[in-house]
Amino acid sequence: MLAVFFLDKVFVRFYTFVYIVVHLSLIRTFRMSKLLPNERHQAILVTLQQQGRVLAIEMAAQLHTTEATIRRDLRQLAAQNLCKRIYGGALALTPAGGYLAERVEISGDEKHRLAQAALALIQSGQVIFLDAGSTYLYLADLLPRDRQLTVVTNALSVASRLLERPGIRTIMIGGEVDAEIGGSVDAKALAEIASFRFDIAFTGVCAYDPDSGFTALRYQEAQFKKQMLARAGNVAVLCTRDKFNTYAPYTLMPASQVDYLVIARGGHTQLEQQVTLSGGNVLYIPADDGE
C-alpha cells in the first residue's frame, strides 16, 4: 500500500508539473499573439541589429503570428528606411553611410586591429592601392617606412597621413573629391587608375550579404572600385562585423574574388567559406582584452 501511495504522489506531481508547463506556454503564446504592431516592429529591429537579417517564416514562428503579418511589418519598416526588403525577409542597412569623419570613430578599435593584421600582407617594393575608407586610414598610419613601398590612393585623408611617413612614395589619383566617400571616383579618377598595376589593392566595402557579395552605396563608387580591382594582382578586404548581412544597392564583387579577407574570428562563417573555397585566405585579427 505504501508503494502504491508513493507512486500516486509521484504521478500527481508529474502531471501537476506538466500542467504548469503547458499552461505557462499557452499564456506566453497568447501574449505573443497579442503583440501590438510597434512591439513586433521592435522585436524585428532587435533581430536585425543582432543578426543583420530576418526571415519572415522564422520571425512569424518566433512571434506566433502569420508570415503575412511579418511581411506587412517589414514593408512598413522598409518605408521608414529602417531595413531593406529582400525575398523572404529583410536585411539591415549598412552603417557605411555618412561622412568620413563620422565613420572613422565607428568600431575604431576593431578597425585598428584589422589594420594590424593586414600588415602581414605588406612586402618590400610593392605597389599598393589604398581605397578611400575609414579602415584604411588606420592602415596608412601603420605602413612600414623601410620597405620602399609605393602607395596609390584616391583619398586625400590617406595621402595626408602618408605624407607624415617619409620613406613611402605616395601617388594621388585626381578628380573631384566626393565628401561622403572621402575620395575621387569620377571620370578623371577612372581614367587615371587605368595606367596602374597593383601588387595588392586594399578595397573598401560598404556591405556584405551571402547572396549579393560585397556591395557599395553609390554607383560611381562601385564602377571606380571595379576598375581598380581589375588592375590588382591581389585583392584584400578588411571587413568590420557591422557590415555583415547588410544592404547596399550596387554590386561590387563576389566573395570568391577576394584573395585576402581580414576579419574577426568567427565573424561570418559563410563568408569565410566563400573566400577559402575559391582559393582565398582568411586572416584573423588579434583579440582585444574583452574577447
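Hi everyone. Let me start with a convention: two helices count as roughly perpendicular when the angle between them is 65 to 115 degrees. Keep that in mind as we go through this structure, which is a predicted model.

So, where does that convention come in? The axes of helix 2 and helix 4, the latter covering residues 67-79, come within 10 Å and cross at roughly 75°. Helix 2 and helix 4 are therefore roughly perpendicular to each other. If you want to find the contact on the screen, look on the helix 2 side for Arg40, His41, Ile44 and Leu45. Across from them, helix 4 brings in Thr69, Ile70, Arg72, Asp73, Leu74, Gln76 and Leu77. Sorted by class, that contact has five nonpolar, three polar and three charged residues.

Let's stay with helix 2 for a moment and turn to the largest pocket. Which residues line the largest pocket? They are Thr47, Gln51, Arg53, Val54, Leu55, Glu58, Met59, Gln62 and Asn245. Helix 2 (37-51), strand 1 (53-55) and helix 3 (56-63) are the elements that each give two or more residues to this lining. The space inside is about 160 Å³, and the lining has three nonpolar, four polar and two charged residues.

Now for the sheets. One is an open sheet of seven strands with parallel pairing, in the order 6-5-4-9-12-15-16. Strand 6 (169-172) and strand 16 (281-284) are at its edges, and each has a single partner strand, so one side of each is left without a neighbour in the sheet. From one strand to the next, the twist averages 20°. At the strand 6 end, four bridges join it to strand 5, residues 150-153, and Thr150 stands opposite Arg169 there. Helix 7, residues 134-142, packs on this sheet and touches strand 4, strand 9 and strand 12, making about 105° with the direction of strand 12. Helix 11, residues 269-277, also packs on the sheet, touching strand 15 and strand 16, with about 135° between its direction and that of strand 16.

The other sheet I'd like to show you is open too, with three strands in the order 10-11-14 and antiparallel pairing. Here strand 10 (207-209) and strand 14 (250-253) are the edge strands. Neighbouring strands are turned by 40° against each other on average, direction ignored. Strand 10 pairs with strand 11, residues 213-216, over three bridges, and Ala207 has Thr215 as its bridge partner. Finally, helix 10, residues 219-230, lies across strand 11 and strand 14, at about 15° to strand 14.

Thanks for listening!

Conventions
Residues numbered from 1 in each chain as written. Predicted model: local features only at pLDDT ≥ 70, side-chain atom pairs only at ≥ 80, totals over all residues. Heavy atoms only, no water. 1 Å grid on protein atoms, 1.4 Å probe; cavity = no way out; pocket = protein on both sides within 12 Å on 5 of 7 lines; lining within 4 Å. Points joined across faces, edges and corners; volume = space filled by probe spheres on them. Nonpolar A, V, L, I, M, F, W, Y, C, P; charged D, E, K, R; others polar. Pairing = 2+ DSSP bridges. Axes fitted to C-alpha atoms, helices over the stretch in contact; angles between N-to-C directions. Contact = heavy atoms within 4.5 Å. Parallel < 35°, antiparallel > 145°, perpendicular 65-115°, else oblique.
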